[in-house]
Amino acid sequence: MSGLAYLGNRTIRFVAAILALMLLSACTTASDGLRSVEPSALAPSESMDESPRHAVAVVDVASGRMLYSVNANSPRHPASLAKMMTLYLLFEAIETHRVNLFTMIPISEHAASQPPSKMRLRPGDQIDVLTAIHALTVKSANDVAVAVGEYLGGSEDQFAQMMNAKARSLGMRGTTFRNASGLHDPEQVTTARDMALLGISLRRRFPDKFQYFSATSFNFRGKIVKGHNDLLGRDGVDGIKTGYVRASGFNIVTSVQSGGKSLVVVVMGGQTARSRNAEVESLIATYLGRPQSIALQP
């Protein structure tokens, strides 16, 4: 082989390598704003839940960078995390003046028949939008979720179609909703990545309404109704939603702000609420770069 031919072949190989690197680089940024980069070498100091349903996503809100993930694109059942989308659409309805905080939402027989967690409303009852928001964020009430879906969509099935359309517009490519509450349906699936994206979208789109996700209780008909999220107020946690059905395990989407940093942490498929919460605390300590507080024991 002549020297000229040898140099020519080397040049071709060099250009091909550069093109391959450019293609790989182009694939590391998702169009929805969550960057599909390799997770950080940092990881929680000890292994937590190892169930087949386990999935994790830790996202830096400012950059959209996925800092750590485990099965983040694998299908999981959302349980009551689905109510985050129900609230997204309700918040949109408020902003477009379709409803206001004092609009009364009727309770149908179908809504009232939902299993707990619920507000135990009866067919023919009504609930105002502000109370409905608290019932969804704090109590995770299935009867209220269905009533909101029926009011906004005409029927719960039509509302599920609205939920799916909004999910696609947000870039939630691994999510299919089947109802407004998150009660189990085999075809109702999501991913840890999509739930992180929804949590970030709620904060960015509705900064004045995100505060509802930090409430730990509310007053209903003269009684104090307490919530399920024991992480609220701990380690800078300011939201957002827990969920559980038997098929999903214990799920949570957590928003945390501290020291000028903002993260959304998703853990799905926890074996218990305590082990799920302990894993979230470990992830927060790791990715906010500070000593871990006393973790809840499994």
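Trainee: Helices are DSSP runs of H or I with at least four residues, strands are runs of E with at least two, and both are numbered from the N terminus; how many of each does the protein chain have?

Mentor: The protein chain has eight helices and nine strands. This is a predicted model, so to speak of local features takes a pLDDT of at least 70 and side-chain atom pairs count only at pLDDT 80 or more, while totals for chains, interfaces and linings use all residues. Residues are numbered from 1 along each chain as its sequence is written, and side-chain values use heavy atoms, with hydrogens and water left out.

Trainee: What percentage of the residues count as buried?

Mentor: 53% of the 298 residues in the protein chain. Buried is under 20% relative accessible area, exposed is over 50%, and partly exposed lies in between, with a 1.4 Å probe and protein chains only.

Trainee: And the contacts, how many join residues at least 24 apart?

Mentor: 63% of the contacts between residues at least 6 apart in sequence. A contact is heavy atoms within 4.5 Å.

Trainee: On to rings. How many aromatic pairs are there?

Mentor: Seven. Rings of Phe, Tyr and Trp (its six-membered ring) pair if their centres lie within 6.5 Å; planes under 30 degrees apart are stacked, over 60 edge-to-face, and the rest tilted. One of the pairs is Y68 with Y287, which is stacked at 5.9 Å centre to centre with 25° between the planes.

Trainee: Where do Y68 and Y287 sit in the chain?

Mentor: Y68 is in strand β2 (residues 66–70) and Y287 in helix α8 (residues 273–287), so the definition of these runs places the pair in two elements. The two residues are 219 residues apart, and both Y68 and Y287 are buried.

Trainee: What about F210 and F213, why is that pair tilted?

Mentor: Their planes stand at 50°, with the ring centres 5.4 Å apart, so the pair counts as tilted. F210 and F213 are both buried. Both also belong to one aromatic cluster with Y88, F91, F206 and Y212.

Trainee: Different topic. How much space lies in the largest pocket?

Mentor: About 390 Å³. On a 1 Å grid over the protein atoms alone, a pocket is an open set of points with protein on both sides within 12 Å along at least five of seven lines, and lining residues have an atom within 4 Å of a point. The volume is the space filled by probe spheres set on the points, which are joined across faces, edges and corners.

Trainee: Which residues are closest to its centre?

Mentor: H228, T242, G243, Y244 and F250, out of 20 that line the largest pocket. The elements giving two or more residues to this lining are β7 (237–245) and α8.

Trainee: Any odd backbone? Which peptide bond is cis at S117?

Mentor: The bond from P116 to S117, with omega near 5°. S117 is in the loop between α3 (109–112) and β4 (126–128). G239 and I240 are also joined by a cis peptide bond, with omega about 20°, and I240 is in strand β7.

Trainee: What is phi of S140?

Mentor: Near 55°, which is positive in a residue other than glycine. Most residues other than glycine have a negative phi, and most peptide bonds are trans. S140 is in the loop between α4 (129–139) and α5 (142–153), and S140 is buried at a relative accessible area of 6%. D235 has a positive phi of about 55° too, in the loop between β6 (223–226) and β7.

Note on methods:
On a 1 Å grid over the protein atoms alone, a cavity is a set of points where a 1.4 Å probe fits but cannot get out, and a pocket is an open set with protein on both sides within 12 Å along at least five of seven lines; lining residues have an atom within 4 Å of a point.
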